Amino acid sequence: MKHFWIILFGIPLFAQDVNKHNISLGMFDDKTGFSFIGYTYNIRQAEMDEVFIGGGTMLVGFTGSAGWKHYYKKSKLSFYSLLSGQGVIHMGFSGFMSTASFGFEYNLSKRTQIKIGGLGLIISDGTTSGEVGALPFFGLNFLF
């Protein structure tokens, strides 16, 4: 009976899906917005969709994010769009940022990608109507 419990609870620990964790390095990020270093965890992963939560930092600011990523083509060069909501804290400013991005991923290896694209955003501190902008992003993504 003791071995049954070890098998029942031990095997799922080693049978988890791979590539649920992502670390990104680069100029801004599609998932974590204003960050040079970002971490995301895929809560739900399907063939062409991902639902994620994460956080990122610019060293003087922090973003916490949650969102959805949809692939239009998934191969060595993938095309995707992404929608996310982010809480932003940066040098005395705190607010909410909604983002939409379109990007390309090129797989350098099974666990390393180059990402490039554009990020549209609306940022608000709750007292103003919000600022609208667009930024490019570029970075490396490491999956594990």
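In the predicted model, the lining of the largest cavity is formed by Ser24, Leu25, Gly26, Met27, Phe28, Asp29, Lys115, Phe137, Phe138, Gly139 and Leu140. This cavity encloses a volume of about 40 Å³, and a search of the whole structure returns one cavity of 30 Å³ or more. Two strands, β1 (21-27) and β8 (131-143), each contribute at least two residues to the lining of the largest cavity. By residue class, that lining comprises six nonpolar, three polar and two charged residues.

The largest pocket holds about 230 Å³ of space, and its lining consists of 17 residues, of which Gln45, Glu50, Tyr71, Lys74 and Leu143 lie nearest the centre of the pocket. Strands β2 (37-45), β4 (61-73), β6 (93-107) and β8 each supply at least two residues of this lining, and strand β8 likewise supplies at least two residues of the lining of the largest cavity. The pocket lining divides by class into three nonpolar, nine polar and five charged residues.

The largest nonpolar core is made up of eleven residues, namely Phe28, Phe52, Tyr71, Tyr80, Leu82, Val88, Met97, Leu119, Leu121, Ile123 and Phe137. At least two residues of this core come from each of the strands β5 (77-90) and β7 (112-124). Phe28 and Phe137, both members of the core, also belong to the lining of the largest cavity, whereas Tyr71, another core residue, is among the residues that lie nearest the centre of the largest pocket.

Asparagine 141 is located in strand β8. With a relative accessible area of 4%, which falls under the 20% limit for burial, asparagine 141 is therefore classed as buried. Leaving aside residues up to four places away in sequence, asparagine 141 touches Asn22, Ile23, Ser24, Arg111, Thr112, Gln113 and Lys115. Of these contacts, glutamine 113 is separated from asparagine 141 by 28 residues in sequence, while the C-alpha to C-alpha distance between the two is 5.0 Å. Ser24 and Lys115, which are both touched by asparagine 141, also take part in the lining of the largest cavity.

As regards confidence, the protein chain has a mean pLDDT of 88, and 88% of its residues reach 70 or more. Residues 1-15, by contrast, have a pLDDT below 50, and this stretch makes three contacts in the model beyond near neighbours in sequence.

How values were computed. Residues are numbered from 1 along each chain as its sequence is written. This is a predicted model: local features need pLDDT of at least 70, side-chain atom pairs count only at pLDDT 80 or more; totals for chains, interfaces and linings use all residues. Side-chain values use heavy atoms; hydrogens and water are left out. On a 1 Å grid over the protein atoms alone, a cavity is a set of points where a 1.4 Å probe fits but cannot get out, and a pocket is an open set with protein on both sides within 12 Å along at least five of seven lines; lining residues have an atom within 4 Å of a point. Grid points are joined across faces, edges and corners, and a volume is the space filled by probe spheres set on the points. Helices (H or I, at least four residues) and strands (E, at least two) are DSSP runs, numbered from the N terminus. Ala, Val, Leu, Ile, Met, Phe, Trp, Tyr, Cys and Pro count as nonpolar, Asp, Glu, Lys and Arg as charged, and the others, Gly among them, as polar. A nonpolar core is a set of buried Ala, Val, Leu, Ile, Met, Phe, Trp, Tyr and Cys residues joined through side-chain atoms within 4.5 Å. Buried means under 20% relative accessible area, exposed over 50%, partly exposed in between (1.4 Å probe, protein chains only). Contact means heavy atoms within 4.5 Å. pLDDT is the predictor's confidence in each residue, from 0 to 100.
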